Structures are given as C-alpha cells and as structure tokens.
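Here is a short report on side-chain contacts and strand pairing. Please look at the sequence and the model together.

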Amino acid sequence: MAGLHLDARIACPDGLFEELVLLLEEFPEERRSVVQARLIFLLANHIGDDAVVHEAIGLARGTPRSSENGEAD
Amino acid sequence: MVKASTDVGVPVWRPIGTTPVGGRSASRPAVVIVGAGPVGLTLALDLGRRGHHVVVLNRRDFIAGGSKAICFAKRTLDIWDRLGVGEAIVRRGVAWNVGKVYRGDRSEPIYSFDMLPVKQQKMPGFINLQQYLVEEMLVEALGAMPNVELRWGHEVVEVEPRADGVAATISAGAGQYELDASWLVACDGSRSPVRGMLGLDFEGRAFEDNFLIADIRLKQERAAERCFWFDPPANRGKSALLHRQPDDVWRLDFQLGWGIDRDAFTQPQNVEPYIRGMLGDVDFTPEWYSVYTFQCRRMARFVHGRVVFAGDSAHLVSPFGARGCNGGIADADNLGWKLDAVLEGRADERLIETYNDEAIATADENILNSTRSADFMTPRSSAAAALREAVLELAGDHAFARPFVNSGRLSTAVRYGATRLSSADEPEEAWAGIPPGSVASDAPTAAGWLLEHISKGRFVLLGQELSCAVPDGVVTVDISIIGDPDGLIAARFDLARGSAYLLRPDHYVAARWREPTAAAVAAAYARALGGE
C-alpha cells in the first residue's frame, strides 16, 4: 500500500494557499475551527486509507524543536 | 411502586425477606456467587443447569426497583435462550433494531442504524425491559433448581482466599456464619464489597456530565426505535434520548451538563418542561426521576486465585451503547462453561486464566467504545466541540459523514481475535465465514434455529456431511440432518461439504477446517480447554 505522498502534487501552490486564506477569512474566529474540521473530514474520507491518514496526522503533529538555536532555512 | 426499604432511597420492587439461616444444605458448594443481579443470576443459572451446587448470596432481602439497565442485546438474548429463559424475556420486552439520530429542528434523522443487519436470526437486535423484571424471571427459573440456593439478606463481610477455595464470613439476621467453597464469584456491583475486602484496584476515569432519567407512563403511537437528538429544541446545545419500555413506559434521558444541583433537577416541576419539550402536551404518569453521572473503570485482573470478578464489580462503562449489563452477561457466559470444565476435571485452572484474558478484552472494547461515545456526546474541549460540529453538519448533507455520528455504539458480541483458546486457520485454506475468536451466527434450520441446535452447553463440531470422529465431550451437529432450508448456514459459515467448525459452549468459534481429521479436532479441543 502506498504511503502518504510527500512529493509536490499541487499544480498551483499559490492558488491553493490563497483559496485557503480566503476560505478562513470568510468566517469569524470562532467559526474557523469548525470550517477547518469540515475540510479535514472531507479530505480524510477522500483519501480513505487509514494508514495514510494516520501518517498525515503524525506529520501534522510534527516534532518539537530540538534546540533553541533553531535550524537553517 | 415505591415503598419503604431498609436501604435508604432504594425502591423495593419485590420484597422477599431474609432467607432463614438454619436448614441450609450442609455440603460444601462448588461456587458461591456474591450478588443476585442479572450477572450473578445468569451465572447461577448456567452452573445450576450443569448440576453444580451453587449458593447465591444477596445482601438485600428484596429485588430493587428504580432505574437500571433496560437495553438487552441480541448476544445477551442468545445467552439467555441457551439457558432456557430467552423466549420468556423477549416476550415480556419490547423488541427493536433501528436507532435514529436527529439534530436540532430537523424532522428527518441525520443517521440511522440497524442492530440486526443480518436478518433471519431467532433473536432481535435488542429488547427493552426493566432490569427488575429480568431479575424476577431469572429468580423464578432458579426456583426450579434444588441445587442452587438463593440466600436473600445474607451479606458477605469477610473473604479469606485459600489454596483450594475461598472461605467467606456471612452476616444474616442476627448472626454470622462461615461458608467455604471451591470458587467465589463476585458479581456485587460497582461498589463491590468483595473487591474492597481484598484491597484491589479499580482504575479509570470519572466523567463530569450529569444526565437526567425520566421514566414515564404514557400512551402514544410511536415505533419502538431508539431515538437520539443532538441539540433538540427540548434541550438546546445538549442531547436527549428516547426508548420504549413495556407497559407503555418510556425512558427519556437528557444531558444536563456539569456542576448542576442534582436534587433540584429531580423535582417534578423541573423535569416536566423537558418531558413536554420532547413529547408535547401529553398526559403522563411519572414512574421514576433520577440524575446520574458515570465512570469508565476496570480492575487490572479479574481473577485472583479462587476469587473471580464479573460484571460491574470488574468493569464500568458509560451507559451509551448499553455495554454495562450486556458486558457483564458476556462475563457470565465466558465463565460458566470454564468453571464447569475445571470443576469436572476436564481442564485445569489455566482455563480460568483465559477468562481473565477474554473478559478483559471484552471490557476494554466496551470501555473504548463507550468512552469514545461519551467524548463525542460530551466534548471536553473546544477542539473536540469543533470537530463534532463539523461531523454533525456534514452528516446532514453527506452520507460519508454519517458513520462518524456517535450517539452510542450499541453492544454486540465481542470478537476475541487471537485468543489462547482458538486455533488459527490452516495457512493454505481460504475462508470467508466466521473466523476463530468470533461468535457463531444464527440461521434458520428445518425446525427452529441453528443456535438452538448448538446450545448443548458443550463443544460442538458443526459441519456438513461430517465423517470425522470427535473426542469425548464434543457433540456433532450436521446441517444435512438439522437442515439449512435457505442455505444461510452454508453461506454465513462458508461451510462447504466436509468443512467443519469447532464451536465452544458459548458459541464462539475455536477452530475450523476444510478437511477435519480426528487428530486435528482433538488437538483444537484440548487447546480450547486451556491445554497446549
């Protein structure tokens, strides 16, 4: 089973970025988390593969910064 | 219905009176069961039917009324049917299969489910019946068994484990006496005095949300379906639940929230707005009002030498999903045939250790599901509330989101998976059907039902045109003899000619083969009794 795709697959990254900003800006602060949650469920269901979604959740969680000095850009 | 009783605040459903201390059997019982609730009584019925001398001790000298379990799952009904009480219990109860979940003002449900997705089985997905009515029927069935003694008003005050049994000190009437037995099973509820006497743990988590139960008597034409509401008009921002019980009694359940005044909330003038908000301007008679919270807990081990814990004494769950009493009956079902095998010398105490393993697996599944339900129904953070809101909104418009709606995952038979007692399928054999560690499905036979035919209280080799020899203790059931009129047994079990299933006395699959041999069956049988 293929894992989570981490190669660049969005044809127009700036377009997606703007679309997401516009989406969330349509709503007051207190509504935004529900909108984001709706998007999570819609996309997770489309992926449909528990292992892939689980992997994405792990990467979303991320790892804590290893030192105060930070890392190179 | 509510009368005075020695337990303050506990209503008396049926007074019985203290069983006289004198005139008891002098012989040492095989098993002492502490607690005459549904779990203790079910275990007593199983062991009693197997001919064992059993003593059941109940602290109270009456059957308590009030609000306890009402929803009994198909698996529980199949267990009671095996014990000869299932049909009477189902006749007395209200059967239902369908649950519907509503949101806000919408008149159409956002989600519905069927607790009997596989039709043509003897028992319905669920029945609703008041726990005290079940207890009465179990007590009556036990009354016909001279080898089972029910002692009411006898309280265990001390338990002394020994190498070959348990000695209990019992307080009854004005005095005390000692009772010695090979095994003691504590079915003595969430506050288990036996667990306390032995200084044992009960770890878990308490939930802060309060819920109001209002059982009312009311005539209304309405399908027997479990109805659940998120954010109903009658209880904005919270939830509500409606169940039908026998005799025109309805159970209404309302989420109240944290930190409420429990006494105030059970006052009729405070309860009635909820009732009328849900059902309109109806004529009803109050039966019972109470407020509850719940916990999810379990003991680390359910078996401590010759003392075994079953039911709420061992594990507690949130009520959403009806996994409390049903989970306890599953314990009794798992333990009965195992204690019998050990008492009869067909197995050693390793078999009781497998009760520990399998009952803990069951409890963990029930705790997981009921905790997840409780967390969905009572979100504990703004993040959880946002995720739930997203699910509820999407479910209204899109089918994919509906399975996320969690108003309670109703109790079904647990799948044990890889258990020490089951034998894995042969690697080269392809199987659909029912895997080892899962419970047998029911199906129609020429006369009656498959589960009736395999409910011998013993191991069964189920097959089609079987020719292989079986060890002592295993009974053969051949579908070419009992009949498979709609081919459903063959379909549900993926049972080709010559194939066979070894079923445990509790209907769980221990092993299966395409080409069973006497040696393979004997080996699987020995393994299923806890041997190697």
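D215(B) is buried, at a relative accessible area of 6%. Buried here means under 20% relative accessible area, exposed means over 50%, and partly exposed lies in between (1.4 Å probe, protein chains only). The salt-bridge partner of D215(B) is R251(B), and their closest N and O atoms are 2.7 Å apart. R251(B) is buried too, at 7% relative accessibility. This pair links distant parts of the chain, 36 residues apart. R251(B) lies in strand β19 (residues 249-257) of chain B, and D215(B) lies in strand β16 (residues 210-217) of chain B. Strands (E, at least two residues) and helices (H or I, at least four) are DSSP runs, numbered from the N terminus.

The model is predicted: local features need pLDDT of at least 70, side-chain atom pairs count only at pLDDT 80 or more, and totals for chains, interfaces and linings use all residues. Residues are numbered from 1 along each chain as its sequence is written, chains are lettered from A and ligands numbered from 1 in the order in which they are written, and side-chain values use heavy atoms, with hydrogens and water left out.

**Salt bridges**

A salt bridge is a side-chain nitrogen of Lys or Arg within 4 Å of a carboxyl oxygen of Asp or Glu. The count by this rule is 43 over all chains. Three of them are listed here.

| Arg | Asp | Closest N and O atoms |
|---|---|---|
| R251(B) | D215(B) | 2.7 Å |
| R236(B) | D231(B) | 3.7 Å |
| R276(B) | D281(B) | 3.5 Å |

R236(B) is partly exposed at 44% relative accessibility. Its partner D231(B) is partly exposed at 29%. R276(B) is also partly exposed, at 32%. D281(B), by contrast, counts as exposed at 74%. Salt bridges also form a network, which links D46(B), R50(B), R75(B), R82(B), D333(B), D340(B) and R346(B).

**Aromatic pairs**

Rings of Phe, Tyr and Trp (its six-membered ring) pair if their centres lie within 6.5 Å; planes under 30 degrees apart count as stacked, over 60 as edge-to-face and the rest as tilted. The structure holds 20 such pairs over all chains. One of them joins F41(A) and F404(B) edge-to-face, at 5.0 Å centre to centre and 65 degrees between the planes. This pair crosses between chains. F41(A) sits in helix α2 of chain A, and F404(B) sits in the loop between α10 (382-397) and α11 (450-454) of chain B. F41(A) is buried, with a relative accessible area of 14%, whereas F404(B) is partly exposed, with 37%.

F72(B) and W80(B) form a tilted pair, 5.3 Å centre to centre with 55 degrees between the planes. F72(B) is buried at 0% relative accessible area. W80(B) is buried at 0% as well. Ring pairs also build a cluster from F207(B), F211(B), Y292(B), F294(B) and F320(B).

Rings also meet charges. A charge sits over a ring if NZ of Lys or CZ of Arg is within 6 Å of the ring centre and within 35 degrees of the ring normal. R195(B) places its charged end over the ring of F202(B), 3.7 Å from the centre. R306(B) does so over the ring of W183(B), at 4.7 Å.

**Strand β27(B)**

Strand β27 of chain B covers residues 500-503. In a regular strand, side chains alternate between the two faces of the sheet. A500(B) and L502(B) point one way, Y501(B) and L503(B) the other, and all are buried. Two strands pair if DSSP finds at least two bridges between them. Strand β25 (residues 459-463) of chain B runs antiparallel to β27(B), joined by four bridges. There G463(B) stands opposite A500(B). β27(B) also pairs with strand β28 (residues 509-513) of chain B, again antiparallel and over four bridges. L503(B) has V509(B) in β28(B) as its bridge partner. The hairpin of β27(B) and β28(B) has five residues between the strands, and H507(B) takes a positive phi near 75 degrees.

**Nonpolar patch**

I10(A), L16(A), L20(A), L39(A), L42(A) and L43(A) make a nonpolar surface patch of about 470 Å². Patches are made of residues with over 30% relative accessible area and no salt bridge: like charges are joined within 9 Å, nonpolar side chains (Val, Leu, Ile, Met, Phe, Trp, Tyr) within 5 Å. Accessible areas come from the Shrake-Rupley method with a 1.4 Å probe; for residues, only the protein chains shown count as cover. Helices α1 (13-25) and α2 (29-47) of chain A each supply at least two patch residues. α2(A) gives the most, with three. L42(A) lies in α2 of chain A and is partly exposed, at 36% relative accessible area.
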